[in-house]
Amino acid sequence: MTDPIADMLSRIRNATSSRHQRVDVPASKLKAGIARTLRNEGFIQGYKVLDAKPGVNGGTQKTIRIFLKYGLRGERVIVGIHRVSRPGRRVYFRRDTVPKVLAGLGTNILTTSRGVMTGREAIRAGIGGEVLCNVW
């Protein structure tokens with residue numbers, strides 16, 4: 001797999017469009033940081049890192065179980081989720097040029113020197129970073 005973050009975002013996008021209650025993704029520290037940020041921003045109910053299970057080639061791989069969130073009438077909370085920075089084209093912003101998503105209605109998730117955080121948190125902290133994705 002060349003882009004595990006895009007795989008995670010695609011799994012979330014597909015699960016919400018199919019109205020699933022949860023989705024499992026292979027674990028990493030970066031993916032756990034993205035899931036934590038999505039939970040803190042209210043896009044998902046929560047997440048849980050499950051213990052390692054045997055992999056394809058005899059290795060072990062932990063799993064992140066993401067519990068998706070829907071409105072009172074079943075409407076999706078995550079309407080769109082889009083990968084910005086890719087392995088072929090990295091996108092970085094300085095602290096004063098971090099863009100807004102849908103004029104502030106959405107949020108962007110950045111990886112910075114202080115960890116994974118939203119664009120608003122990065123502006124407040126006065127740091128820039130690589131924009132991983134936009135969520136609205």
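**Helix H1 and the core around it**

Hi everyone. Let's start with helix H1, residues 4-17: with 14 residues at 1.5 Å a residue, the helix should span 20 Å, and its end C-alpha atoms are indeed 20 Å apart, so the two agree. Please keep in mind that this is a predicted model.

Which residues of H1 are buried? They are Ile5, Asp7, Met8, Leu9, Ile12, Ala15 and Thr16. And what covers them? The cover includes three elements you can find early in the chain view, strand E1 (22-26), helix H2 (29-40) and strand E3 (60-68), along with strand E4 (81-83) and strand E8 (129-135).

Now step back to the segment before H1, where aspartate 3 is found. Is aspartate 3 buried or exposed? Its relative accessible area is 13%, and since buried means under 20%, aspartate 3 counts as buried. Its side chain has a partner, too: a polar contact at 3.0 Å with the side chain of arginine 83. If we leave aside neighbours within four places in sequence, aspartate 3 is in contact with Arg83 and Pro87.

At the other end, just after H1, we meet arginine 19. This residue is found in the loop between H1 and E1, and its phi is near 60°, a positive value in a residue other than glycine. Why point that out? Most residues other than glycine have a negative phi. As for exposure, arginine 19 has a relative accessible area of 43%, so it is partly exposed. There is another case to look at: leucine 102 has a positive phi near 50°, and it is found in the loop between strand E5 (92-93) and strand E6 (107-112).

On to the interior. The largest nonpolar core has 24 residues, and those with the most contacts inside it are Ile12, Ile34, Leu38, Ile66, Leu68, Ile109 and Val135. H1, E1, H2, E3 and E8 each supply at least two residues of this core. Which element gives the largest share? That would be our helix H1, with five residues.

Do click on valine 135 while you have the model open. Not counting residues up to four places away in sequence, valine 135 touches Leu38, Phe43, Ile78, Gly80, Ile81, Val101, Gly106, Thr107 and Ile109. Apart from this core lies another one, of eight residues, among them Val91, Val98, Leu110 and Ala122.

That's my tour, thanks for listening!

Terms used:
Residues numbered from 1 in each chain as written. Predicted model: local features only at pLDDT ≥ 70, side-chain atom pairs only at ≥ 80, totals over all residues. Heavy atoms only, no water. Helix = DSSP H or I, 4+ residues; strand = E, 2+ residues; numbered from the N terminus. Expected span 1.5 Å × (residues − 1). Buried < 20%, exposed > 50% of the residue type's maximum accessible area, 1.4 Å probe, protein only. Contact = heavy atoms within 4.5 Å. Polar contact = N/O pair within 3.5 Å; in protein donor to acceptor, adjacent residues only side chain to side chain. Core = buried A, V, L, I, M, F, W, Y, C linked by side-chain atoms within 4.5 Å.
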